[in-house]
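Hi everyone, thanks for making time for this. Please have the sequence and the structure open in front of you, and we'll walk through them together.

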Amino acid sequence: MAHATRRRHAVALVRMRSVGPPLVTLESLARETGLHPDVIRRFVQFGLLAPRAGTAAAPLFAEQDAELLARAARLRRDLGLNYAGAVLASELLARIEDLEQRLRGS
């Protein structure tokens, strides 16, 4: 079995076995977001997201973390924010969305 095929099977098994949200590898998250794995690691260092399982060498992330990463990457690209600023702005925007949903009664 080819290495890529084994990796796909491993990702599929992780998704099937997880009780909470589906988990994906760093490489899968990088492919999905179009970000380099080192950029994702940098966002992890700044606290934007955290691995949900796995090991330090092979962390596993929630599938929905792709949305957080995409937002932070857009803030960096479009507004020229540094990593810390993009993380702070992302957290504030998420909080605003949460408060707006509460006001609407959703």
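Let me begin with a definition: two strands count as paired if DSSP finds at least two bridges between them. With that in hand, look at β2 and β3, which form a hairpin with four residues between them. Two bridges join this pair, and the strands run antiparallel. If you'd like one position to click on, G54 stands opposite P59 in β3.

Before going further, please keep in mind that what we're looking at is a predicted model.

Now let's step back to the whole chain. How many helices and strands does the protein chain have? The secondary structure comes to five helices and three strands. Reading along the sequence, you meet them in the pattern α-β-α-α-β-β-α-α. Of the 106 residues in the chain, 27% count as buried. Here's something else about the fold: take the contacts between residues at least 6 apart in sequence, and 50% of them join residues at least 24 apart.

Back to the strands, to finish the sheet. In what order do the three strands lie? The order is β1-β3-β2, in an open sheet with antiparallel pairing. The edge strands are β1, residues 23–25, and β2, residues 53–54, and each of them pairs on one side only. We've done the pairing of β2 already, so here is the other one: three bridges join β1 to β3, and these two strands are antiparallel as well. On that side, T25 stands opposite L60 in β3.

Next, the inside of the protein. In soluble globular proteins, nonpolar side chains tend to be buried together. In our model, the largest nonpolar core has 19 residues. Those with the most contacts inside the core are L29, I40, F43, L48, L49 and L69. Which elements give two or more residues to this core? They are α2 (26–33), α3 (37–45), α4 (65–79) and α5 (83–104). The largest share, five residues, comes from α4.

Let's zoom in on F43, one of the residues with the most contacts in the core. Leaving aside neighbours within four places in sequence, F43 is in contact with L48, L49, L69, A72, A73, R76, Y83, A86 and V87. Some of those residues belong to the place where two helices meet: V39, R42 and F43 in α3 meet Y83, A86 and V87 in α5. The two helices pack at an angle of about 65°, with their axes 10 Å apart. Angles of 65 to 115 degrees count as roughly perpendicular, and α3 and α5 are therefore roughly perpendicular to each other. Their crossing is right-handed.

α3 has another partner. It packs against α2 at an angle of about 105°, with the axes 9 Å apart. That makes α2 roughly perpendicular to α3. On the α2 side the contact is made by L26, L29, A30 and T33, and on the α3 side by P37, I40 and R41.

Let's stay with α2 for a moment. Which residues of α2 are buried? They are L26, S28, L29 and A30. T33 is also found in this helix, and it is worth clicking on. T33 and A70 are 37 residues apart in sequence, yet 6.2 Å apart in space, C-alpha to C-alpha. Setting aside neighbours within four places in sequence, T33 is in contact with I40, A66 and L69. Just after the helix comes G34, whose phi is positive, near 75°.

One last residue: D65, which lies in helix α4. Is D65 buried or exposed? Buried means under 20% relative accessible area, and D65 has 2%, so it is buried. Beyond its neighbours within four places in sequence, D65 is in contact with L29, L49, A50 and R52. You may recognise L29 and L49 from the list of residues with the most contacts inside the core.

That's my tour. Thanks for listening, and I'm happy to go back to any part on the screen.

Note on methods. Residues numbered from 1 in each chain as written. Predicted model: local features only at pLDDT ≥ 70, side-chain atom pairs only at ≥ 80, totals over all residues. Heavy atoms only, no water. Core = buried A, V, L, I, M, F, W, Y, C linked by side-chain atoms within 4.5 Å. Buried < 20%, exposed > 50% of the residue type's maximum accessible area, 1.4 Å probe, protein only. Contact = heavy atoms within 4.5 Å. Axes fitted to C-alpha atoms, helices over the stretch in contact; angles between N-to-C directions. Parallel < 35°, antiparallel > 145°, perpendicular 65-115°, else oblique. Left-handed = near helix turned anticlockwise from the far one by under 90°.
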